[in-house]
Amino acid sequence: MAIAGLGEIAEQLRRSTVLVHAGGRGSGSGVIWSTDGLIVTNAHVARGSRTVVQLWDGREFAASIAQRDPRRDLAELRIEATNLPAASSADSSLVRPGEIAIAIGNPLGFVGALTTGVVYGLGPIRGLGSQSWVQANVRLAPGNSGGPLADARGRIIGINGMVAGGLALAIPSNAVASFLSLGPSDALLGVTLHPVQVPVAAGRAAAFGLVILEIEPGSPAAAASLLPGDILLGTEGKPFSSLDDLAGALQGNDPRLLRLEFLRGDYTRIRRVTAQLGAKRVHRSAVAA
């Protein structure tokens with residue numbers, strides 16, 4: 001696939017792509033979004049208590065997590081640096097299938113690796129809720145997460161998040177801009193989730209649930225004694241059918257109580273717990289779950 005000026009475009013993208021180390025959780029990628037130290041990556045990449053960002057020139061900086069939203073799988077990092085080579089972004093609503101797509105990242109220890117393909121489609125993916133994705137047939141590997149998916153001019157059209165059905169799924173650049181403009185919310189539960197189907201009881205159909213993978217220390221979920229492995233089923237009287245249902249239950253910034261139904265160990269017994277939302281948190285990085 002011939003792309004005019006690919007060498008220069010690739011070099012600019014490499015300079016705008018960073019390596020993100022999150023403690024002992026391995027590494028991923030990130031994108032320099034502004035020259036004053038704002039970096040965007042995936043929420044599942046920025047999960048450690050100690051996050052370090054390495055720039056293209058080898059410099060390393062301790063990064064703080066300004067906000068983190070695992071529902072959209074986005075995180076905003078901040079480092080104390082200026083005059084950084086920030087990437088430019090495109091309007092992802094104008095991206096069309098068949099356009100050239102370029103991905104840069106740090107897969108399997110290869111720093112600044114480039115892969116190319118084409119945009120396959122845009123929109124939601126069955127089984128992944130209503131969130132829209134830029135879908136491209138570019139080859140990604142562990143370490144690419146959080147890195148840029150760009151068009152033929154080197155403009156960011158998405159942040160690479162996962163692979164499904166052989167396609168790279170990237171969070172659209174417009175969704176990233178919306179995430180950054182909204183700023184941190186007080187309506188935070190403090191969990192990392194994955195959708196599952198669970199048999200609630202013998203003779204009943206399987207129910208949609210959200211299994212808790214991680215809980216942030218000092219978060220409302222931790223204060224409510226929720227545990228990894230618990231499966232959230234819904235609020236009182238309103239079962240969840242997607243991740244968006246929980247997001248809707250969390251909307252708002254005023255202090256309030258959220259009553260949740262969940263399973264723990266025994267699928268035949270539905271438990272209930274109350275989480276305090278909007279209270280002062282111990283960690284700024286508590287997640288909007």
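Start with the barrel built from strands 1 to 6: six strands close up in the order 1-2-3-6-5-4, and their pairing is antiparallel. Neighbouring strands in this sheet are turned by 40° against each other on average, direction ignored. Keep in mind as you look around that this is a predicted model.

Next, select residues 38-41 and 74-78. These are strand 3 and strand 6, an antiparallel pair held in register by four bridges. For a single spot to zoom in on, pick Val40, which stands opposite Glu76 of strand 6.

Now add residues 6-16 to your selection. This is helix 1, which packs on the sheet and touches strand 1 (17-22) and strand 2 (27-32). The direction of helix 1 makes about 30° with that of strand 1.

Stay with helix 1 and bring up strand 7, strand 8, strand 10 (148-150) and strand 11 (156-164): the helix lies across these strands too, running at about 45° to strand 7.

That leads to another barrel. Its six strands follow the order 7-8-9-12-11-10, again with antiparallel pairing. Here the average turn between neighbouring strands is 45°, direction ignored. Select residues 100-105 and 113-124 to see strand 7 and strand 8 run antiparallel, joined by six bridges. Within this pair, Ala103 faces Thr115 in strand 8.

Finally, zoom out to the whole chain. You should find four helices and 18 strands. Of the 289 residues, 51% count as buried. The chain exposes about 13300 Å², with carbon and sulfur atoms supplying 51% of that area. Among contacts between residues at least 6 apart in sequence, 59% join residues at least 24 apart.

Terms used:
Residues numbered from 1 in each chain as written. Predicted model: local features only at pLDDT ≥ 70, side-chain atom pairs only at ≥ 80, totals over all residues. Heavy atoms only, no water. Pairing = 2+ DSSP bridges. Helix = DSSP H or I, 4+ residues; strand = E, 2+ residues; numbered from the N terminus. Axes fitted to C-alpha atoms, helices over the stretch in contact; angles between N-to-C directions. Contact = heavy atoms within 4.5 Å. Buried < 20%, exposed > 50% of the residue type's maximum accessible area, 1.4 Å probe, protein only. Areas by Shrake-Rupley, 256 points an atom, 1.4 Å probe, with all protein chains shown as cover.
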